[in-house]
Amino acid sequence: FGYEYESLAPKKKGKNMEPFLVTLYPMDRLQASSHEGQEFMYVLEGSVEITLEGKIHVLSKGDAIYYDSNDNHFVRAHGDKPAKIIAVLSS
């Protein structure tokens, strides 16, 4: 799917949030997705392109975004190099 991830709290029971360290790779545009909950992303390295409801946002190191996951969204590395983010999802 163009990414690798590692759970940052795999042993916590009864979570309301799920934090991940994610490496995003450059890839062709795919179908946007939507699901219940909210997402927060913080860019650690590289550049990230996120499409929300058809509008493209480009985030750089130190940028963050918070959005409702039921909005159509698609995330990928921007440019030709991988990017690393912290992603926190809630449902």
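A strand (E) is a DSSP run of at least two residues, and the strands are numbered from the N terminus. Leucine 89, to take one residue, lies in strand E8.

## The model

The structure described here is a predicted model, so that local features need a pLDDT of at least 70 and side-chain atom pairs count only at pLDDT 80 or more, while totals for chains, interfaces and linings use all residues. Residues are numbered from 1 along each chain as its sequence is written, and side-chain values use heavy atoms, with hydrogens and water left out.

## A sheet of five strands

Two strands are said to pair if DSSP finds at least two bridges between them. On this basis five strands form an open sheet, in which the order is E1-E2-E8-E3-E6 and the pairing is antiparallel. At the edges of this sheet stand E1 and strand E6, the latter made of residues 64–68, and each of these two pairs on one side only. Strands of a sheet pair through backbone hydrogen bonds, either parallel or antiparallel.

Within this sheet, E3 and E8 pair in the antiparallel sense, and seven bridges hold the record of that pairing. One residue pair shows what this looks like in detail, since glutamate 45 has lysine 84 of E8 as its bridge partner. Leucine 89 is another residue of strand E8, and the distance between its C-alpha atom and that of tyrosine 67 is 10.0 Å, although the two residues are 22 positions apart along the chain. Leucine 89 counts as partly exposed, with a relative accessibility of 26%, where buried means under 20% relative accessible area, exposed means over 50%, and partly exposed lies in between (1.4 Å probe, protein chains only).

## A sheet of three strands

Three strands form an open sheet in the order E5-E4-E7, and here too the pairing is antiparallel. Its edge strands are strand E5, which covers residues 55–60, and E7, each of which pairs on one side only. Which strand is joined to E7 by five bridges? That strand is E4, and the two run antiparallel. Two residue pairs can be followed by eye in the structure: valine 48 has alanine 77 of E7 as its bridge partner, and threonine 51 stands opposite phenylalanine 74, which is also in E7.

Although E7 is an edge strand of this sheet, five of its five residues are buried, so E7 is largely enclosed by the rest of the structure. In strand E5 one finds histidine 57, which is partly exposed, with a relative accessible area of 24%. The C-alpha atom of histidine 57 is separated by 16 Å from that of glutamate 45, a residue twelve positions away along the chain.

## Salt bridges

A salt bridge is counted here when a side-chain nitrogen of Lys or Arg lies within 4 Å of a carboxyl oxygen of Asp or Glu. How many salt bridges does a search of the whole structure find? The search finds two. One of them joins glutamate 49 to arginine 76, with the closest N and O atoms 3.0 Å apart. This pair links distant parts of the chain, for glutamate 49 belongs to strand E4 (residues 47–52) and arginine 76 to strand E7 (residues 73–77), and the two are 27 residues apart. Are the two partners buried or exposed? Both glutamate 49 and arginine 76 are buried.

The side chains of lysine 15 and glutamate 18 meet in a salt bridge as well, with a distance of 2.9 Å from N to O. Lysine 15 counts as partly exposed, its relative accessibility being 29%.

## Two loops

The loop between E4 and E5 holds glutamate 53. This residue deserves a careful look in the model, for glutamate 53 has a positive phi of about 50 degrees although it is not a glycine.

Leucine 30 has its place in another loop, the one between E2 and E3. Leucine 30 is partly exposed, with a relative accessible area of 47%. Between the C-alpha atoms of leucine 30 and alanine 83 the separation is 18 Å, and these two residues are 53 positions apart along the chain.

Key:
Helices (H or I, at least four residues) and strands (E, at least two) are DSSP runs, numbered from the N terminus.
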